[in-house]
Every structure is written in structure tokens, then in C-alpha cells.
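Here is a short set of exercises to work through with the model open beside you. Try each task before you read its solution.

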Amino acid sequence: MEKDFLRSWHKGYCEFSEWVLHLLKDYFLFVGFSIVYKRKGSCKQCGRCCRHVYLRDRGKLVSSFHECLLMIQSDRDLKQFNVKGVNEFGELFFACNYIGRDNKCTRYKDRPLLCRTYPNISMVRYGAVPKEDCGYYFVNRFTGKKVT
Ligand code: SF4
Ligand code: SF4
């Protein structure tokens with residue numbers, strides 16, 4: 001009984017430490033990327049980023065329904081996303097329930113942080129940038145070059 005308790009306490013402690021380390025790493029990487037890159041442009045309200053959303057769990061794109069369930073359980077803001085399909089790499093993509101027919105967000109004032117910060121500069125870390133037809137783009141502050 002005592003062993004079981006210690007084992008589960010140790011597991012919980014390790015998972016918590018891993019989560020804190022991940023948050024710290026994300027924060028420092030975000031600061032670093034913000035020094036080098038900046039976001040320019042504005043939203044054209046095409047709605048694509050709300051209809052084709054990739055979700056990351058600790059840096060890794062969600063690729064199974066089990067991971068998806070765990071994420072949704074741990075963050076109520078993600079409940080609005082429904083699985084829409086799987087790409088050629090086995091990664092799931094989602095569509096948001098709140099996108100209107102006019103491509104506008106129906107809960108704009110109350111939208112989650114994820115949406116408020118999109119496109120986030122830390123996407124560069126994963127080699128991801130806004131699509132060509134998105135109104136936003138990233139530039140390198142030092143070279144002035146657009147990130148592609
Ligand atoms: S952020 Fe980009 S992809 Fe999303 S709605 Fe605006 S223009 Fe479209
Ligand atoms: S909450 Fe609004 S901004 Fe966020 S993905 Fe859904 S429709 Fe888009």
C-alpha cells in the first residue's frame with residue numbers, strides 16, 4: 001500500500017517537473033525568437049486557420065485520439081475543436097466549432113489565448129510559418145528578410 005502510494009507520488013512529481021521544465025523552455029525560446037523575429041501584417045479573415053488547426057502537446061503535434069482526449073480534458077479551451085482529418089504524417093488536424101459562415105469568430109471577445117496570439121512567433125521553432133495567402137508573415141529583424 002505504502003509502496004503504491006510512493007510510486008504514484010513519484011510518478012506525479014516527475015510528470016509535474018517535466019511540465020514545469022517544458023513551460024520554462026517554451027518561455028525562454030519564445031523570448032529568444034521574439035528578439036530575432038517579428039510578426040507583420042494583419043488578418044484577412046479568410047477563416048482558414050480556424051478550420052485547419054494543428055494542436056501541440058509539449059511540442060509534439062497531436063497524432064492520436066488518446067492524446068487528443070487527454071489534451072481536451074486538461075484544457076477546456078480545446079473542447080471547441082473537432083477532429084477533421086489526418087495528414088500524410090499521421091498528425092490530426094481540427095476545425096473549430098465557433099467559426100461562422102462569414103469566416104468570423106462567433107466568440108471573438110471570449111476567444112482562447114491560443115487564438116489571440118495566432119500566428120505566434122514561436123511557430124518558427126517548428127519550421128512552421130503562416131501560409132502564403134495569410135495576411136500575416138514573419139520577418140527577421142536583423143536581415144529584414146521574410147521567413148519562408
Ligand atoms: S490569421 Fe491568416 S489564415 Fe487566419 S483568418 Fe487571418 S488571414 Fe486567414
Ligand atoms: S475560437 Fe474563434 S478565433 Fe479561435 S479557432 Fe475558434 S473561430 Fe477561430
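A residue is called buried if 20 or more other C-beta atoms lie within 10 Å of its own, exposed if 12 or fewer, and partly exposed in between, with C-beta atoms placed from the backbone. The model is predicted, and local features need pLDDT of at least 70, side-chain atom pairs count only at pLDDT 80 or more, while totals for chains, interfaces and linings use all residues. Residues are numbered from 1 along each chain as its sequence is written, and chains are lettered from A and ligands numbered from 1 in the order in which they are written.

**Exercise 1. Is T143 buried or exposed?**

Start with its place: T143 sits in the segment after β6 (136-140). Helices (H or I, at least four residues) and strands (E, at least two) are DSSP runs, numbered from the N terminus. Next, count neighbours: T143 is exposed because 9 other C-beta atoms lie within 10 Å. Finally, look across the model: 36 Å separates the C-alpha atoms of T143 and E18, which are 125 residues apart along the chain.

**Exercise 2. Describe the overall layout.**

First list the elements: there are four helices and six strands, in the order α-β-α-β-β-α-β-β-α-β from the N terminus. Then take the extent: the C-alpha atoms fill a box of roughly 60 × 40 × 35 Å along the principal axes. Of the 148 residues, 7% count as buried.

Now turn to helix α1 (residues 2-36). Its 35 residues reach 51 Å from first C-alpha to last, close to the expected 51 Å, where the expected span is 1.5 Å times one less than the number of residues. The number of buried residues in α1 is zero.

**Exercise 3. Which residues make up the largest nonpolar core?**

A nonpolar core is a set of buried Ala, Val, Leu, Ile, Met, Phe, Trp, Tyr and Cys residues joined through C-beta atoms within 7 Å. Here the largest has eight members: C50, V53, L55, V62, F81, L92, F94 and C96. Strand β5 (residues 92-96) gives the largest share, three residues.

Next, follow the pairing, which requires at least two DSSP bridges between two strands. Strand β4 (residues 81-86) runs antiparallel to β5, joined by five bridges, and F81 has C96 as its bridge partner in β5. The two strands form a hairpin with five residues between them, and G90 in the turn has a positive phi of about 85°.

**Exercise 4. Find the backbone exceptions.**

Begin with the background: most residues other than glycine have a negative phi, and most peptide bonds are trans. Q45, not a glycine, has a positive phi of about 55°; Q45 lies in the loop between β1 (37-41) and α2 (48-51). N103, also not a glycine, has a positive phi of about 70° and lies in the loop between β5 and α4. As for peptide bonds, the one from Y118 to P119 is cis, with omega near -10°.

**Exercise 5. Which residues surround ligand 2?**

A residue belongs to the surroundings if its C-beta atom, placed from the backbone, lies within 6 Å of the molecule. For ligand 2 these are C50, Q80, C96, Y98, I99, C105, R107, R111 and C115. Sort them by class: six are nonpolar, one is polar and two are charged. In this scheme Ala, Val, Leu, Ile, Met, Phe, Trp, Tyr, Cys and Pro count as nonpolar, Asp, Glu, Lys and Arg as charged, and the others, Gly among them, as polar.
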